[in-house]
Amino acid sequence: MSLKGKKIIVGITGSIAAYKMAITVRLMVKAGAEVKVIMTDAATRFITPLTLSTLSKSPVLSALSEDAQWSNHVELGLWADAFLIAPASANSLSKLANGACDNLLTAVYLSARCPVFVAPAMDVDMWHHPSTQRNIQTLQNDKVRIIPVGKGELASGLSGEGRMAEPEELLQYLANYFTKGPLHGKRVLINAGPTQEAIDPVRYISNHSTGKMGIALAEAAASMGAKVSLVLGPTSQQVKTNAIELVRVQSASEMYAVMMKQYTKADLIICSAAVADYTLKQVASQKIKKTDSLGIALVKTKDILAELGKKISRKQYLVGFALETNDEEHYAKDKLKRKNANLIILNSLQDPQAGFGHDTNAVTLFEKSGETKKLALKTKVEIAEEILQYISTKMKK
Ligand code: CTP
């Protein structure tokens, strides 16, 4: 991982995770970056400026003015190629989201023209509080890149979401930004999640898909340099980066319409959505009253993947998913041919930790060339990265 010649400001705020910044700054310098550290007063109670000035080989900045000398926050903001604020406490997040400017760190944030990366760190309840989530949303709208929090043991003794990303992950985010990833310049269109087919104004038919795998693919593609559009069915899962164009849809026909409109612009199309296979022949305009039994007529939805298989050009790469319970390989290969895809990703239902709703998955890839590749049980994020690495080697340059 190289950050050679990159000028990076590291902003540290008051959180116990500040201790991780000694290692982070050390790794950045080792990776070739020129680092300047800004600390809030609260941060200096968790880790000493002496540690960070020694590791960054540059004096730590913390006040807007010192010894009658003004620290030029505008100059600092212009100097940097990237600004990493880590850890970002709940209090500092709130200031950043609202444009408060009562210390050097927030002043530099307002003056920075470079991309800003924010790695939040706080207790699980503070993280889930609606006000924190609102601030995160505001920062994302302001084009700040939020580095996702981890799950695990927290300093409070509680366990859950709120842990700051590890030093290596922080570096990876910066390195991904600076280096051209394997999907640099590619446009990727992904659909994900379930669809809901209305029965009447209050009821619908759907399935157990959460969209986790498709969201992980979209996020991984963005971090590999692609311009990503995600067409997402109804799910409570959050998309953690604002680097993705998100289109929300409800039904199979809405998803079909958006995919047909967008596919011509894409180099890579991934159909990971669990599109309902059937929809109502006729949706009741009023709530259907209860009777002893109810018969509803269903009609087949349009197969988005198969339709795209008929339409795509030879330069485009089309990927579908298969979920089978028996004769997996046979059906996956059959799907590859029948839907004219370049790749079918077979979800293994053999593993209890794979598939719907889980954070992990195990898949087998079936490529048009006849090649197959098995990816063992890993987190959906890791699987997404491996799948996209594989696809990037198969796509036309
Ligand atoms: N798919 C789609 N549109 C549909 C149904 C499915 O685009 N209306 C896509 C899914 O996104 C997935 C692939 O088709 O990429 C596999 O879906 P699946 O339902 O397993 O395949 P089918 O061929 O529809 O079903 P079967 O196994 O019954 O043949």
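Pro87 has its place in strand β5, which covers residues 82-88. The peptide bond that joins Ala86 to Pro87 is cis, with omega at about -10 degrees. Keep in mind that the model is predicted, and that goes for this backbone detail as well as for the ligand site described below.

A second backbone detail is found at Lys57. Its phi is near 60 degrees, a positive value in a residue that is not glycine. Lys57 belongs to the loop that runs between α2 (49-56) and β3 (65-66).

Now to the ligand. Which pocket holds the ligand? The ligand sits in the second largest pocket. Three elements give two or more residues each to the shell around the ligand: α11 (304-311), β18 (317-323) and α12 (328-338). The shell counts 15 residues, and those that come nearest to the ligand are Cys271, Ala273, Leu305, Phe321 and Lys335. Sorted by class, the shell is made up of six nonpolar, two polar and seven charged residues.

Oxygen atoms of the ligand have polar partners in the protein, and the table lists three such pairs.

| Residue | Polar atom of the residue | Distance to a ligand oxygen atom |
|---|---|---|
| Ala273 | backbone | 2.7 Å |
| Lys335 | side chain | 2.9 Å |
| Lys339 | side chain | 3.0 Å |

How much of the ligand's accessible area does the protein cover? On its own, the ligand has 580 Å² of accessible area, and the protein covers 76% of that.

The pocket itself deserves a look too. The second largest pocket has a volume of about 990 Å³. It is lined by 39 residues, and the closest to its centre are Ala273, Ala274, Val275, Asp277 and Phe321. Two of these names have come up before: Ala273 and Phe321 are also among the residues that come nearest to the ligand.

Which elements supply at least two residues each to the lining of this pocket? They are β10 (187-192), α9 (212-223), α11, β18 and α12. By class, the lining of the second largest pocket has 15 nonpolar residues, 14 polar ones and 10 charged ones. For the shell around the ligand, the matching counts are six nonpolar, two polar and seven charged.

Methods: Residues numbered from 1 in each chain as written. Predicted model: local features only at pLDDT ≥ 70, side-chain atom pairs only at ≥ 80, totals over all residues. Heavy atoms only, no water. Near = heavy atom within 4 Å. Polar contact = N/O pair within 3.5 Å; in protein donor to acceptor, adjacent residues only side chain to side chain. Areas by Shrake-Rupley, 256 points an atom, 1.4 Å probe, with all protein chains shown as cover. 1 Å grid on protein atoms, 1.4 Å probe; cavity = no way out; pocket = protein on both sides within 12 Å on 5 of 7 lines; lining within 4 Å. Sits in = over half its atoms within 2 Å of the grid points. Helix = DSSP H or I, 4+ residues; strand = E, 2+ residues; numbered from the N terminus. Nonpolar A, V, L, I, M, F, W, Y, C, P; charged D, E, K, R; others polar. Points joined across faces, edges and corners; volume = space filled by probe spheres on them.
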